[in-house]
Amino acid sequence: MSDAHLFAIGVVLAWLAGIRVYLTVFGVGLAGALGWLELPAALQVTQSPWVIGVSGALAAAEFFADKIPGVDSGWDLLHTLLRVPAGAFLAAATLSPDGHLGAGALATGAGVALTSHALKAGSRALLNTSPEPVSNWTASVTEDVATIGGLALVFAHPWLALSIVVFITAAFALLLWWVWRKLFRRRPRIDGSGLGAA
């Protein structure tokens with residue numbers, strides 16, 4: 001696999017870690033352990049039975065926690081400290097030919113994971129302003145499916161996966177910006193006569 005392909009894979013894995021870190025680590029580790037993928041040296045730690053077991057259990061816990069309005073935002077806040085360094089590691093480990101993690105790759109992975117995490121957390125915070133839980137459940141299940149689909153796609157077609165990630169990131173950023181402006185734009189003040197203040 002070329003360096004360009006590895007770069008695309010590393011970026012997508014970092015992006016997925018910002019959405020579902022435990023499921024991403026579990027998926028990568030399981031694929032390596034079952035021989036579906038030959039993981040780079042630095043990424044082979046994810047195929048340890050301990051890493052697979054712990055990440056699998058935490059992915060199951062996250063699956064349920066992420067479906068509860070309010071709890072999901074608290075979970076996201078706590079996991080800011082984990083998703084960003086995990087994304088940095090996944091990107092750098094994918095790009096490392098000898099097991100050493102490069103500073104540039106770590107920074108790139110951290111930035112990508114922080115971006116996807118911020119979009120996820122921001123969109124879920126906005127959804128939690130709605131009293132009905134259906135939109136929250138739908139968003140959570142969509143994130144689960146997107147992570148599993150992203151993992152399946154990235155190793156077979158890394159450039160397609162990267163293109164989809166870039167498109168989704170841009171679309172969500174624009175949508176969040178538009179919704180934020182609609183919800184929190186300035187309303188004209190009303191003076192005593194009932195007319196807008198000059």
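**Entry 1: two helices side by side.** I began with helix α2 (residues 21-33) and helix α3 (residues 49-65), whose axes lie 8 Å apart and which pack at an angle of about 145°. In this predicted model, the crossing of α2 past α3 is left-handed. I then listed who makes the contact: from α2 come Val21, Tyr22, Leu23, Val25, Phe26, Gly29, Leu30 and Ala33, while α3 brings Val51, Ile52, Ser55, Gly56, Leu58, Ala59 and Glu62. Sorting the residues of this contact by character, I noted 11 nonpolar, three polar and one charged.

**Entry 2: the chain as a whole.** I stepped back to the secondary structure and found seven helices and zero strands, so that I could write the order from the N terminus as α-α-α-α-α-α-α. The chain has 198 residues, of which 39% count as buried. Looking at contacts with a separation of 6 or more, I noted that 72% of them join residues 24 or more positions apart.

**Entry 3: the core.** I looked up the largest nonpolar core, which has 31 residues, and wrote down Val12, Leu13, Trp15, Val28, Leu43, Leu90 and Val154 as those with the most contacts inside it. Two or more residues are given to this core by each of α1 (3-19), α2, α3, α4 (71-95), α6 (134-156) and α7 (158-184), and α1 supplies the largest share, 10 residues. I followed Leu13 further and, leaving aside its neighbours within four places in sequence, found Leu13 in contact with Thr24, Val28, Leu43, Leu90, Thr94, Leu151, Val154 and Phe155.

**Entry 4: a lysine in α5.** Next I turned to Lys120, which has its place in helix α5 (residues 103-127). Is Lys120 buried or exposed? Its relative accessible area is 3%, and because the cut-off for buried is under 20%, I entered Lys120 as buried. With neighbours within four places in sequence left aside, Lys120 is in contact with Gly18, Ile19, Arg20, Asp66, Asp76, Arg83 and Glu143.

**Entry 5: the aromatic pair.** Finally I checked the rings, and the count comes to one aromatic pair. The ring centres of Phe63 and Phe64 are 5.2 Å apart and their planes stand at 90°, so I recorded the pair as edge-to-face, the rule for that being planes over 60 degrees apart. I also compared how far each residue is covered: Phe63 has a relative accessible area of 35% and is partly exposed, whereas Phe64, at 57% relative accessibility, counts as exposed.

Key: Residues numbered from 1 in each chain as written. Predicted model: local features only at pLDDT ≥ 70, side-chain atom pairs only at ≥ 80, totals over all residues. Heavy atoms only, no water. Axes fitted to C-alpha atoms, helices over the stretch in contact; angles between N-to-C directions. Helix = DSSP H or I, 4+ residues; strand = E, 2+ residues; numbered from the N terminus. Left-handed = near helix turned anticlockwise from the far one by under 90°. Contact = heavy atoms within 4.5 Å. Nonpolar A, V, L, I, M, F, W, Y, C, P; charged D, E, K, R; others polar. Phe/Tyr/Trp six-rings, centres within 6.5 Å; stacked < 30°, edge-to-face > 60°. Buried < 20%, exposed > 50% of the residue type's maximum accessible area, 1.4 Å probe, protein only. Core = buried A, V, L, I, M, F, W, Y, C linked by side-chain atoms within 4.5 Å.
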